[in-house]
Amino acid sequence: MKLASLKSGRDGRLVVVSRDLTRATPAHNIADTLQQALDTWEKAAPQLADLAEQLERGAVPSIRFHEHECASPIPRAFQWVDGSAYVNHVELVRRARGAEMPESFWTDPLMYQGGSDSFLAPRDPILMADEAYGIDFEGEVAVVTDDVPMGVAPAEAGRFIRLIMLVNDISLRNLIPVELAKGFGFLQSKPSSAFSPVAVTPDELGEAWDGGKVHLPLMVNLNGTLFGRADAGVDMTFDFPTLIAHAARTRSLAAGTIIGSGTVSNKNSDGGPGSPVNQGGLGYSCLAEIRMIEVIAGGAAKTPFLRFGDTVRIEMMGSDGNSIFGAIEQLVERYQPQNADGT
């Protein structure tokens with residue numbers, strides 16, 4: 001089934017969405033919000049699945065589904081942690097800035113805890129005060145978990161995955177080095193992320209979901225031009241059960257925890273860095289990666305970070321060519337501080 005949260009208050013209003021993303025029906029008789037459904041998943045999931053089947057048959061009242069009316073599926077979450085499952089991406093970024101990558105990065109997942117008190121809606125603008133921050137997008141896949149016990153083994157962790165969605169994990173690249181140099185992690189350099197209009201249960205992906213990875217290209221467009229189509233199931237060093245087990249090593253995870261894959265990144269067929277789409281490659285899921293390759297190849301980055309007026313679109317198509325999650329599409333705009341009276 002496919003679930004979305006229409007904009008309403010802080011936590012949205014839960015609706016069930018048709019498979020073709022054209023219609024929706026309210027789920028308030030089951031749960032008012034997606035978080036409420038996740039808190040009672042054993043009871044709520046069968047009821048939501050039944051409502052989804054009725055929606056497909058036209059057996060329940062429905063409304064036209066508009067992606068621009070959606071908040072992120074979980075507009076604010078108890079926990080959002082993001083991994084770097086595509087170690088190829090991490091290696092390139094560190095190599096370009098002259099930093100040696102510890103060998104342990106290939107065997108022990110890298111993960112950070114992000115701010116989750118307010119996510120951007122999938123069609124909300126990216127508001128930033130200054131282009132000099134180095135504004136970047138990061139196309140990712142994420143899973144939403146049920147309650148996860150502390151110390152769960154990777155072999156068991158997959159059974160706690162309830163939903164899958166896409167992410168634009170916005171990064172401010174020029175603020176990252178200063179923060180990391182303090183040795184205490186990200187804060188200012190990682191503003192609010194945005195998630196796809198729709199979250200789906202794993203069965204909606206069919207054979208593209210193997211229990212740990214999504215084997216489909218992640219389509220990233222920049223200003224209407226294809227920028228990346230990296231396959232999310234390729235070069236993923238750590239699958240989602242491994243990431244969940246890593247996050248739950250020393251504590252339990254609450255229902256509604258969101259775990260991101262990190263930037264989807266593929267190597268070339270020869271094992272080298274990926275190539276741009278206009279050169280026949282699979283392209284990239286963030287600007288930093290092409291900039292790092294430019295540094296490695298020629299000593300300087302040529303591709304600029306996002307500027308005011310740029311638009312990024314992130315989407316994933318099924319084998320039938322139709323959108324699975326809907327699209328994250330965001331315009332970069334200058335942030336204008338409000339006065340105390342809201343003007």
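This passage walks through two helices, one open sheet and a few individual residues of a predicted model.

Helix H2 is a good place to start. It runs over residues 41-57, and a quick length check works out: at 1.5 Å a residue, its 17 residues should span 24 Å, and the C-alpha atoms at its ends are indeed 24 Å apart. Quite a few side chains in H2 are tucked away, namely Trp 41, Ala 44, Ala 45, Leu 48, Leu 51, Ala 52 and Leu 55, which are buried. These buried residues cover an arc of only 130° around the axis, so they sit on the same side of H2. The cover over them includes strand E1 (2-6), strand E2 (13-17) and strand E3 (23-26), along with helix H1 (34-39) and strand E11 (161-168). Turn to the face of H2 that points away from this buried side, and the exposed residues Glu 42, Lys 43 and Arg 57 come into view. Just after H2 comes Gly 58, with a positive phi of about 75°.

Helix H6 (240-247) has its own buried set. H6 is mostly covered, with six of its eight residues buried. Those six are Phe 240, Pro 241, Leu 243, Ile 244, Ala 245 and Ala 247. Their packing partners are strand E6 (80-83), strand E7 (111-114), strand E10 (139-145), helix H4 (154-157), E11 and strand E17 (258-260). Strand E11 thus turns up beside both helices: it helps cover the buried residues of H2, and the buried residues of H6 pack against it too.

On to the sheet. Five strands make up an open sheet with mixed pairing, and reading across gives the order E8-E19-E18-E15-E16. The edges belong to strand E8 (126-128) and strand E16 (225-228); each has a single partner strand, so one side of each is left without a neighbour in the sheet. From one strand to the next, the twist averages 25°. Within the sheet, strand E15 (residues 219-222) pairs with strand E18 (residues 311-315) in the antiparallel sense, over four bridges. Leu 222 faces Val 312 of E18 across this pairing.

Two residues in the loops around E16 have a backbone worth a look. Asn 223 lies in the loop between E15 and E16, and although it is not a glycine, it has a positive phi of about 55°. Its relative accessible area is 44%, so Asn 223 counts as partly exposed. On the other side of E16, in the loop that leads to H6, is Asp 235. Asp 235 is not a glycine either, yet its phi is positive at about 65°. With a relative accessible area of 29%, Asp 235 is partly exposed.

Last comes Ser 196, a loop residue placed between strand E13 (194-195) and strand E14 (199-200). Is Ser 196 buried or exposed? Its relative accessibility is 0%, so it counts as buried. The side chain of Ser 196 does not lack polar company: it reaches the backbone nitrogen of Leu 166 at 3.0 Å and the backbone oxygen of Val 198 at 2.9 Å. Setting aside neighbours within four places in sequence, Ser 196 is in contact with Pro 73, Pro 122, Met 165, Leu 166, Phe 325 and Ile 328. Leu 166 therefore appears both in that contact list and as a backbone partner of the Ser 196 side chain, while Ser 196 itself is buried at 0%.

Key
Residues numbered from 1 in each chain as written. Predicted model: local features only at pLDDT ≥ 70, side-chain atom pairs only at ≥ 80, totals over all residues. Heavy atoms only, no water. Pairing = 2+ DSSP bridges. Axes fitted to C-alpha atoms, helices over the stretch in contact; angles between N-to-C directions. Buried < 20%, exposed > 50% of the residue type's maximum accessible area, 1.4 Å probe, protein only. Polar contact = N/O pair within 3.5 Å; in protein donor to acceptor, adjacent residues only side chain to side chain. Contact = heavy atoms within 4.5 Å. Expected span 1.5 Å × (residues − 1). Arc of directions from axis to C-beta.
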